[in-house]
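Got a minute to walk through a structure together? Take a look below, and then we'll go through some questions.

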Amino acid sequence: MQDLALENLMRALSPNDGSADAVREAADAAVIHGDNRPALERELDRLNTAIQGSAAALGQHLSWTIVAQAFLLTAYVVVLVGSWTLPIPGKRWLLTGIAVFALLAVVFTYLGLRAARDRVGPLKQQRQRVEEALERVAARPPAFARQGAITALLAQASTRGLPLLIIGGWVALTLYTL
């Protein structure tokens, strides 16, 4: 019987219905069926663990993007500077090849960043609904405050703006060599 009540409670918190009504229904169900605070706490812990894992993946993708671009930029500069003193056959093709590879690397890494960010978004919404239900059921304040406009802008800039800046730099370098 307790499992059925818990299942009904979690169904009310499903990502399909993120309305305030779903949160109210979940809180009301918790009140009717007794104190389901431990079930909500477990769900909150599960969501926090999933968010931490996805956020770590997001940071890892961004770190690998920067490291890969650093190596490719170093190779580009070595070929560019080294060809001033020694004539390298096919220098422009080599430089263009490095730049194209760098562009492809940043585009594919950006797609990984986008996938990680898309996984985190629904989890954060679900966590917010569970926290709201806990606030109604147990008068527990939310542990995670909503992001302010500046914080959200900086977060978006790191995952969207940096890859665009890198792409712009590689396009400029490629045009310089041609």
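## A greasy patch and its surroundings

Q: Which residues make the nonpolar surface patch of about 540 Å²?
A: This is a predicted model, so take the patch as part of that prediction. The patch covers about 540 Å² of surface. Its makers are Leu-73, Val-77, Val-81, Trp-84 and Tyr-176.

Q: Which helix gives the largest share of the nonpolar patch?
A: Leu-73, one of the patch residues, lies in helix α3. The largest share of the patch is 4 residues, and they come from α3.

Q: Is Leu-73 buried, partly exposed or exposed?
A: Buried means under 20% relative accessible area, and exposed means over 50%. Leu-73 has a value of 38%, so it falls in between and counts as partly exposed.

Q: What kinds of secondary structure are there, and in what order do the elements run?
A: The protein has 5 helices and 0 strands. From the N terminus on, that reads α-α-α-α-α.

Q: How far apart are the end C-alpha atoms of helix α5, and what span should its residues give?
A: Helix α5 takes in residues 149-177, which is 29 residues. At 1.5 Å a residue they should span 42 Å. That agrees with the distance between the end C-alpha atoms, 40 Å.

Q: Where is the kink in α5 centred?
A: Helix α5 has a kink of about 40°. Look for its centre at Ala-157.

Q: What covers the buried residues of α5?
A: The buried residues of α5 include Pro-163, Ile-166 and Trp-170. Among the elements covering the buried residues of this helix are α3 (37-85) and α4 (91-138).

Q: How many salt bridges does a search of the whole structure find?
A: Side chains of opposite charge can pair when their charged atoms come close. One such pair is Glu-43 and Arg-46, at 2.7 Å, N to O. Arg-114 and Asp-118 also meet, at 3.8 Å. The search of the whole structure finds 2.

Q: What separates Glu-43 and Arg-46 along helix α3?
A: An α-helix has 3.6 residues a turn, so residues three or four places apart point the same way. Glu-43 and Arg-46 are 3 residues apart in helix α3. That puts between them about one helical turn.

Q: Is Glu-43 buried or exposed?
A: Its partner in the salt bridge, Arg-46, is partly exposed at 46%. Glu-43 has 11% relative accessibility, and the cut-off is under 20%, so Glu-43 counts as buried.

Key
Residues numbered from 1 in each chain as written. Predicted model: local features only at pLDDT ≥ 70, side-chain atom pairs only at ≥ 80, totals over all residues. Heavy atoms only, no water. Helix = DSSP H or I, 4+ residues; strand = E, 2+ residues; numbered from the N terminus. Expected span 1.5 Å × (residues − 1). Bend = angle between axes of the 7 residues up to and from the residue. Buried < 20%, exposed > 50% of the residue type's maximum accessible area, 1.4 Å probe, protein only. Contact = heavy atoms within 4.5 Å. Patch = residues over 30% accessible without salt bridge, like charges linked within 9 Å, V, L, I, M, F, W, Y side chains within 5 Å. Areas by Shrake-Rupley, 256 points an atom, 1.4 Å probe, with all protein chains shown as cover. Salt bridge = Lys/Arg side-chain N within 4 Å of Asp/Glu carboxyl O.
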